[in-house]
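Please work through the exercises below with the sequence and the model side by side. Each task is followed by a solution that goes step by step.

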Amino acid sequence: MPQPAEQSSRVRVDVWLWSVRLVKTRSTAASACRGGHVRVNGAPAKPSQAIGPGDEVRLWSHGVLRIVEVVDPLKKRVGAPAAALALIDRSPPPPPKEVLASIPRRDRGAGRPTKRERRQLDRLKSFE
């Protein structure tokens, strides 16, 4: 039985994220959806939510916000050149390296900051 025309141009959001290579695996895309890291047209998305051309998808991954518009709802994973044609990237540019370098960071494994360190951090943040 053939599907209606509007349903054939729609695809699951987790499949599409994997197809256009925004995530490495489909299960990673589904986990991102369940974790609240994916929004479709401003609303939180479930992995099975259908998306189509013109929808805006926001993905928060690895500390970076990706904002893309769906052009072609792909159901199968494609090569990088074809994947680039299936979306319009509207992501904001990354901050300059000078800004990233000026953000204080704790060493990995250093544990929780002490009360004195928290006060120092609060003083630094109040100058921003």
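The exercises that follow treat the sheet, a helix, two single residues and a pocket.

This is a predicted model, in which local features need pLDDT of at least 70 and side-chain atom pairs count only at pLDDT 80 or more, while totals for chains, interfaces and linings use all residues. Residues are numbered from 1 along each chain as its sequence is written, and side-chain values use heavy atoms, with hydrogens and water left out.

**Exercise 1. Determine the order of the strands in the open sheet and follow the pairing from β3 to β6.**

Step 1. Helices (H or I, at least four residues) and strands (E, at least two) are taken as DSSP runs, numbered from the N terminus, and two strands pair if DSSP finds at least two bridges between them.

Step 2. The five strands come in the order β3-β2-β5-β6-β7, with antiparallel pairing; β3 (43-44) and β7 (87-89) are the edge strands, each pairing on one side only.

Step 3. Strand β2 (residues 38-40) is joined to β3 by two bridges, and V40 has A43 as its bridge partner there.

Step 4. Between β2 and β5 there are three bridges, again antiparallel, and V38 stands opposite L59 of β5.

Step 5. β5 pairs with β6 (residues 64-70) over six antiparallel bridges, one pair of bridge partners being R58 and I67. The hairpin of these two strands has two residues between them, and H62 in that hairpin takes a positive phi near 55°.

**Exercise 2. Find which residues of helix α3 are buried and state why they line one face of the helix.**

Step 1. Buried means under 20% relative accessible area, exposed over 50%, and partly exposed in between (1.4 Å probe, protein chains only). By this scale A29, A30, A32 and C33 are buried in α3, which spans residues 26-34.

Step 2. Viewed down the helix axis, these buried residues fall within an arc of 160°, and so they line one face of α3; the arc is that of the directions from the helix axis to the C-beta atoms.

Step 3. The buried residues pack against α2 (13-19), β2 and β5 (56-61), where contact means heavy atoms within 4.5 Å.

Step 4. After α3 comes G36, with a positive phi near 85°.

**Exercise 3. Describe the surroundings of H37 and A50, leaving aside neighbours within four places in sequence.**

Step 1. H37 lies in the loop between α3 and β2, and its relative accessibility of 37% is the reason why H37 counts as partly exposed.

Step 2. The contacts of H37 are with A32, R58, L59 and W60; A32 is also one of the buried residues of α3.

Step 3. A50 is found in strand β4 (residues 50-51) and is partly exposed as well, with a relative accessible area of 33%. The contacts of A50 are with R10, V11 and D55.

**Exercise 4. Which classes of residue line the largest pocket?**

Step 1. A pocket is an open set of points on a 1 Å grid over the protein atoms alone, where a 1.4 Å probe fits, with protein on both sides within 12 Å along at least five of seven lines; lining residues have an atom within 4 Å of a point.

Step 2. The lining consists of W60, G63, V64, L65, S91, P92, P93, P94, P95 and L100.

Step 3. Ala, Val, Leu, Ile, Met, Phe, Trp, Tyr, Cys and Pro count as nonpolar, Asp, Glu, Lys and Arg as charged, and the others, Gly among them, as polar. The lining therefore has eight nonpolar, two polar and no charged residues.
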